[in-house]
Amino acid sequence: MAFGTDAAVYPHGDNAGQFAKMVEWGMKPVDAIRAATIDAADLMGWKDRVGELTAGHYADVIAVSGDPLADVRGLERVPFVMKGGEVVKGE
């Protein structure tokens with residue numbers, strides 16, 4: 001299963017709420033996060049460039065307060081975003 005945004009069931013930008021639903025419906029938090037990273041990259045055929053923190057991959061990273069494995073809803077509040085190696089939100 002891969003995390004996606006093409007269902008159009010909620011406004012763009014609110015898709016992080018899907019993590020909590022995935023956990024509510026039986027997934028472990030780590031598996032929900034994998035669905036949005038490694039598994040989604042694999043499904044798209046992009047595993048060689050996105051989905052994990054590895055040299056040669058795009059530097060797209062978020063940071064959240066707290067442990068998303070303990071509270072996956074923390075992924076709905078993202079104070080730091082790095083896109084392509086450049087900070088686009090936060091410090």
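Reader: How do you know which side chains of the chain count as positive and which as negative?
Author: Lys and Arg count as positive, Asp and Glu as negative; His and the chain ends are left out. On that count the chain has 9 positive and 14 negative side chains. Each charge is placed at NZ of Lys, CZ of Arg, CG of Asp or CD of Glu. The centres of the two sets lie 2 Å apart. This is a predicted model: local features need pLDDT of at least 70, side-chain atom pairs pLDDT 80 or more, while totals for chains, interfaces and linings use all residues. Numbering starts from 1 along each chain as its sequence is written, and side-chain values use heavy atoms, without hydrogens and water.

Reader: What makes the chain as compact as a globular protein of that length?
Author: The rule is 2.2 Å times the number of residues to the power 0.38, and the radius is taken over C-alpha atoms. For 91 residues the rule gives 12 Å; the radius of gyration is 13 Å, close to that, so the chain is as compact as a globular protein of that length.

Reader: Why is the set with Phe-3 and Leu-75 called a nonpolar core?
Author: A nonpolar core is a set of buried Ala, Val, Leu, Ile, Met, Phe, Trp, Tyr and Cys residues joined through side-chain atoms within 4.5 Å. Buried means under 20% relative accessible area, with a 1.4 Å probe and protein chains only. The largest such core has 9 residues, among them Phe-3, Phe-19, Val-72 and Leu-75. α1 gives the most, with 3 residues.

Reader: How many of the residues count as buried?
Author: Of the 91 residues, 21% do.

Key: Buried means under 20% relative accessible area, exposed over 50%, partly exposed in between (1.4 Å probe, protein chains only). Helices (H or I, at least four residues) and strands (E, at least two) are DSSP runs, numbered from the N terminus.
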